[in-house]
Amino acid sequence: MSSDTIFSTFHLQLSRQEKESLLNQKGIVVWITGLSGSGKTTLASATEKLFYKDGRLTQVLDGDNVRTGLNKGLGFTSDDRSENIRRIAEVAKLFKDSGIITFCAFVSPLDYLNQLARSIVGETDFYHVFLSTPIDECERRDVKGLYARARKGEIQKFTGISDVFERPSHFDLEINTTLQSVDESSQLLHQKLKSLIRR
């Protein structure tokens, strides 16, 4: 028997179920959307810490670790926004298929982008959290001054100011972070997800 035959016979990938069994958890993608400053990454990170205390394996994807690497060459045109979300969803799917609880914190301003992500990840493994924090509160929190620059015209096509943000047509959980603290919001999301990731 040739070495090629041996390798083709024994080259068997571990299944998702085997990986989930090893981690004792079910992989899921938690898709957190909302305006800039609504608290997406803050909520993802706070909820991740709660799962860490539970002994669960997680990953947070956001603009800081995706736009500076994987999607560094993409801008903010309609085509680039779509490609940005498509790549994020495909990466999140890979994490999910490895049994990892994956938080994706992105503006995702148009409803079809959320539906695109859901179709890539898969309906049963996709949990959409919409942060409906009002824009005036998001502007108040804006330590980088992005909203002020956008209102002066220094930043073109800034979501919520000079570009559209559509309220999602379908989501699993809505949180207004002006009405709930980080601790309250993360505890709520943690409780909602616990039953979904249990094997």
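The legends below accompany close-up views of a predicted model.

**Figure 1. Overview of the chain: nine helices and five strands make up its secondary structure.** Followed along the sequence, these elements come in the pattern α-α-β-α-β-α-α-β-α-β-α-α-β-α. The C-alpha trace spans about 70 × 35 × 30 Å along its principal axes. The chain has 199 residues, and 43% of them count as buried. If you look at contacts between residues at least 6 apart in sequence, 77% join residues at least 24 apart. The exposed surface comes to about 10,800 Å², with carbon and sulfur atoms supplying 53% of it.

**Figure 2. The largest nonpolar core holds 17 residues.** Those touching the most other members are Val-30, Ile-32, Phe-103, Tyr-127, Val-129, Leu-189 and Leu-193. Strands E1 (28-33), E3 (101-105), E4 (126-131) and E5 (173-175) each give two or more residues to this core, as do helices H3 (40-53) and H9 (182-197). A second core lies apart from it, with 16 residues that include Leu-61, Leu-113, Ile-120 and Phe-126. As a general backdrop, nonpolar side chains in soluble globular proteins tend to be buried together.

**Figure 3. A closer look at Tyr-127 and the residues it touches.** Residues up to four places away in sequence are not counted here. Among the contacts of Tyr-127 are Ile-28, Val-29, Val-30 and Trp-31. Tyr-127 also touches Asp-172 and Leu-173, together with Leu-189, Lys-192, Leu-193 and Leu-196.

**Figure 4. Asp-62, a buried residue with no salt bridge.** Asp-62 sits in strand E2, which covers residues 58-62. How far away is the nearest side chain of opposite charge? That side chain belongs to Lys-144, at 8.5 Å, and a salt bridge needs the nitrogen and oxygen within 4 Å, so this pair does not qualify. The side chain of Asp-62 does reach the backbone nitrogen of Asp-64, at 3.1 Å. Setting aside neighbours within four places in sequence, Asp-62 is in contact with Thr-41, Arg-67, Ala-105 and Phe-106.

**Figure 5. Helix H6 (residues 111-121) and its buried residues.** In H6, the buried residues are Asp-111, Leu-113, Asn-114, Ala-117, Arg-118, Ile-120 and Val-121. Which elements do the buried residues of H6 pack against? Their partners are E1, helix H5 (78-97) and E4. Just after the helix, Gly-122 takes a positive phi of about 110 degrees. Arg-118 counts as buried, at 5% relative accessibility. Its salt bridge with Glu-123 has the closest N and O atoms 3.1 Å apart.

**Figure 6. Arg-16 meets two acidic side chains, Asp-97 and Asp-125.** The salt bridge between Asp-97 and Arg-16 has an N to O distance of 3.9 Å. Asp-97 lies in helix H5 and Arg-16 in helix H2 (residues 16-23), so the pair ties together parts that are 81 residues apart in sequence. Asp-97 is partly exposed, with a relative accessible area of 26%. The salt bridge between Arg-16 and Asp-125 is at 3.0 Å, N to O. This pair links distant parts of the chain, 109 residues apart, with Arg-16 in helix H2 and Asp-125 in the loop between H6 and E4. Shared partners join Arg-16, Glu-20, Lys-26, Lys-96, Asp-97 and Asp-125 into one network of salt bridges. The count for salt bridges comes to 17.

**Figure 7. Asp-125, in the loop between H6 and E4.** Is Asp-125 buried or exposed? With a relative accessible area of 6%, Asp-125 is buried. Its side chain makes a polar contact with the side chain of Lys-26 at 2.6 Å. Not counting residues up to four places away in sequence, Asp-125 touches Arg-16, Lys-26, Gly-27, Ile-28, Val-29 and Lys-96.

**Figure 8. Ala-150, in helix H8 (residues 146-151).** Ala-150 counts as buried, at 6% relative accessibility. Leaving out residues up to four places away in sequence, Ala-150 touches Ile-155, Phe-158 and Ile-161. For a sense of scale, the C-alpha atoms of Ala-150 and Gly-160 are separated by 9.5 Å, and these two residues are 10 apart along the chain.

Key
Residues numbered from 1 in each chain as written. Predicted model: local features only at pLDDT ≥ 70, side-chain atom pairs only at ≥ 80, totals over all residues. Heavy atoms only, no water. Core = buried A, V, L, I, M, F, W, Y, C linked by side-chain atoms within 4.5 Å. Buried < 20%, exposed > 50% of the residue type's maximum accessible area, 1.4 Å probe, protein only. Helix = DSSP H or I, 4+ residues; strand = E, 2+ residues; numbered from the N terminus. Contact = heavy atoms within 4.5 Å. Lys, Arg positive; Asp, Glu negative; His and termini not counted. Polar contact = N/O pair within 3.5 Å; in protein donor to acceptor, adjacent residues only side chain to side chain. Areas by Shrake-Rupley, 256 points an atom, 1.4 Å probe, with all protein chains shown as cover.
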